Amino acid sequence: MGTPSGLKDDCEALLSRFQEMDSVRFEDFAELWRSMKFGTIFCGRMRNLEKNTFTKEALTLAWRYFLPPYTFQIRVGALYLLYGLYNMQLCQPKQKIRVALKDWDEILKFQQDLINAQHFDAAYIFRKLRLDRAFHFTAMPKLLSYRMKKKMQRAEITEEFKDPNDRVLKLITSDVLEEMMNVHDHYQRMKHVISADKSNPEKSLDLIKDDFFDNIKNIVLEHQQWHKDRKKPPLKLKVKGGEEKSERNSQQSERCERAESLAKIKSKAFSVVAQASKSRRHRQVKVDVSDSESGQVQTKTTRKRKNKETLKPAGKKVSSRDRDDMQNIHMEDKSLNLSMPVVTEEDEENESFSETEFTAPKRRRKQRTKS
Amino acid sequence: MAEDSRGDPACGGMDGRKDPVPSSGGFNFPEYEFPELNTQAFHVAAFGELWRGRLRGEEDLSLKDLPGGREVTDSGCEDAAVARDLGCSLETAAELRAVCGLDKLRCLEEGEDPEVIPENTDLVTLGVRKRLLKHREETLRIDRACRQETFAYEMESHAVGKKPENSADMIEEGELILSHREHKPYQTMLVLGSQKLTELRDSICCVSDLQIGGEFSNTPDQAPENISKDLYKSAFFYFEGTFYNDKRYPECRDLSRTIIEWSESHDRGYGKFQTAKMEDFTFNDLYIKVGFPYLYCHQGDCEHVVVITDIRLVHHDDCLDKTLYPLIIKKHWLWTRKCFVCKMFTARWVTNNDSFAPQDPCFFCDVCFRMLHYDAEGNKLGEFLAYPYVDPGTFN
């Protein structure tokens, strides 16, 4: 059967709403599940054969979100979704969840992470699924029958759920920073040595900003701090060590010269928001004039509004603007910056969004297609 | 090329049990060789062991029934187990039990029919389904499962959960189930890892096995009882470079010899083929690729493409009776050809060059055949050639 129509949309709607909740608690998921009445997805007088196929497909679909490269929160959401689908299905005996050998080690690692991070509800649910014998332990994730004729449907990975690329992090690691500092110092010393006046280097050799590397270091540190602050109170998420998304700070620093001019353009463009089509009207962006607020971290609504506020219209090189915003934020009161703007890239790194802005980029994309 | 029944026991290259040559370097972790198409070759038993090694000591492999009714079990005991496994306190464990209970997932009120789609739903799937149901209501007079659907469902589920009467027939924990699909006739079978290849061979029903050779217009009552299956017993499976020949009976010949000789006569670009005896190998001994087409050949030239579509560990809900395997779970429904005269009974005879028949060839059931072609004394009337016919749909 291929994936039943509409099922992918429903699952993604549920997962993205879960993602917006910014929580990994099962209670929150269950509330969402009940509000969407997701358990009724099996209703509708399906006959036995169809029930079996539908349930199998639903479990396979949900399973995909449980594996990397999706973000931690999506994976936990997928676990809860599997739990819900498995237990609410109408097939007798229940359809099982297929686990391939190559994925099992990854799953166990995930469970260990859950326990270490004290996400007991997620770990409990996984344990329960195992005890209920909800799994089929297989060679490969799906049945293979050498279908050459059927066009291979490559499973598309929903981009919003993916962990953002940390190519930037790979670029500006602490080693690189340290090395850059050393090079910079050495360079300055060389300049001193070769210039006539031993205390001050030649003016003609002034080719770079002196505090360039200090800036970079500060930005990276600020960003890491921001991430930690952001993540700590609402979630007990395990911060993945130094591997945090210090995204795109290098680009920011490179373009900090253009920051001011672009910032003006952006803020003007901000006030204009495209009209969402009828089918997406529940996702209509509202321009909210409220100031970025102090730490009402728990209220999800404020956060949502903040996200909308930082929505970027289709444009180029927005990252510089973010640097500007970042400064603004730090000048204000230290609230868990949920209004941290998203640094979006318009080039091929387009698909990597920061964790804060899951809904915004989606809307932004919509706008782009319309304009 | 039809083989005759001369036995030919002397076959080269088949001295006792021979281990099949692995084509990969002993790497038994199933991975795609071609994405979404098939895996690389791996050893079945080793794969099973990889899984069992990871699950040893846990309850995942158990085939015993779960303690009945989770509500009945001692919650205190369960909380202790949870606390131990997750490293949390007992209070947390009790809280978890409450928070993650199944009642938190219920979306229907008491008394609401699970078959009825709720009115104000946002789910796209339900919207689609509702439209489909509405369409069915409007266009169909009687809305029920057709025969093929019932048949397919029955096939899939008829053996589910069956326990053997004799406990010796119980499948062991950790047994592997291979899902084996054959083409023409299209059928899918489940076979156990510990079963021999010959058991699978015996359970493949192909209509060519039932054919009765010979022309019997003059002697319709003497259509022999022997079907081809009894006459021509040779068969082979081809998996990963090795031909597994059925050698249980003295009449069985090595059908693969022709192919091997052909491939060795010139440099055809194929590796060295091996031969082996089908009855000496179980599925656990094989090196196979999941999803890759192999061959089953019998009757000399009746060939079927076979694909192993899946391998998994046995589960408590599977059929646990060893004697029922290989188990057919999917079969193509074939419409049987009916007699041209009465249109009611399945055809048992086919005639050629028949002066009485409106078409050539023409199919008749036994009664109509005799009534049309023979007089009351059984004398042949007219000119025709008659052959016994076995319809592929006989297996339905």
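Begin by selecting A:Pro69, which sits in the loop that connects helix H3 (48–64) with helix H4 (72–88) of chain A. The model on screen is a predicted one, and in it the peptide bond leading from A:Pro68 into A:Pro69 is cis, with omega near 10 degrees.

Continue along chain A to A:Pro93, in the loop between H4 and strand S1 (97–100). Here again the bond to inspect is the one before the proline: A:Gln92 and A:Pro93 are joined by a cis peptide bond, whose omega is about -5 degrees. As background to these two stops and to some of those that follow, most peptide bonds are trans, and most residues other than glycine have a negative phi.

Now go back to A:Arg45, in the loop between helix H2 (26–36) and H3 of chain A. The phi of A:Arg45 is near 55 degrees, a positive value in a residue that is not glycine. With a relative accessibility of 39%, A:Arg45 counts as partly exposed, because that class covers what lies between the buried limit of 20% and the exposed limit of 50%.

The last stop in chain A is a group of three residues, A:Tyr187, A:Leu207 and A:Ile208, which together make a nonpolar surface patch of about 270 Å². Of these, A:Ile208 can be found in the loop between helix H8 (174–194) and helix H9 (212–231) of chain A, where A:Ile208 is partly exposed at a relative accessible area of 33%.

Move next to chain B and display the open sheet of three strands, which run in the order S14-S13-S15 with antiparallel pairing. Strand S14 (362–364) and strand S15 (385–388) of chain B are the edge strands, and each has a single partner strand, so one side of each is left without a neighbour in the sheet. On average, and with direction ignored, neighbouring strands of this sheet are turned by 30 degrees against each other.

Within the sheet, select strand S13 (residues 349–352) of chain B together with S14(B), which pair in the antiparallel sense over three bridges; B:Trp349 has B:Phe364 in S14(B) as its bridge partner. Then add helix H9 (residues 366–373) of chain B, which packs on the sheet and touches S13, S14 and S15 of chain B, its direction making about 35 degrees with that of S13(B).

Finish at B:Asn353, in the loop between S13 and S14 of chain B. Its phi is near 50 degrees, a positive value in a residue other than glycine, and B:Asn353 is exposed, with a relative accessible area of 54%.

Key: Residues numbered from 1 in each chain as written. Chains lettered and ligands numbered in written order. Predicted model: local features only at pLDDT ≥ 70, side-chain atom pairs only at ≥ 80, totals over all residues. Heavy atoms only, no water. Patch = residues over 30% accessible without salt bridge, like charges linked within 9 Å, V, L, I, M, F, W, Y side chains within 5 Å. Areas by Shrake-Rupley, 256 points an atom, 1.4 Å probe, with all protein chains shown as cover. Salt bridge = Lys/Arg side-chain N within 4 Å of Asp/Glu carboxyl O. Helix = DSSP H or I, 4+ residues; strand = E, 2+ residues; numbered from the N terminus. Buried < 20%, exposed > 50% of the residue type's maximum accessible area, 1.4 Å probe, protein only. Pairing = 2+ DSSP bridges. Axes fitted to C-alpha atoms, helices over the stretch in contact; angles between N-to-C directions. Contact = heavy atoms within 4.5 Å.
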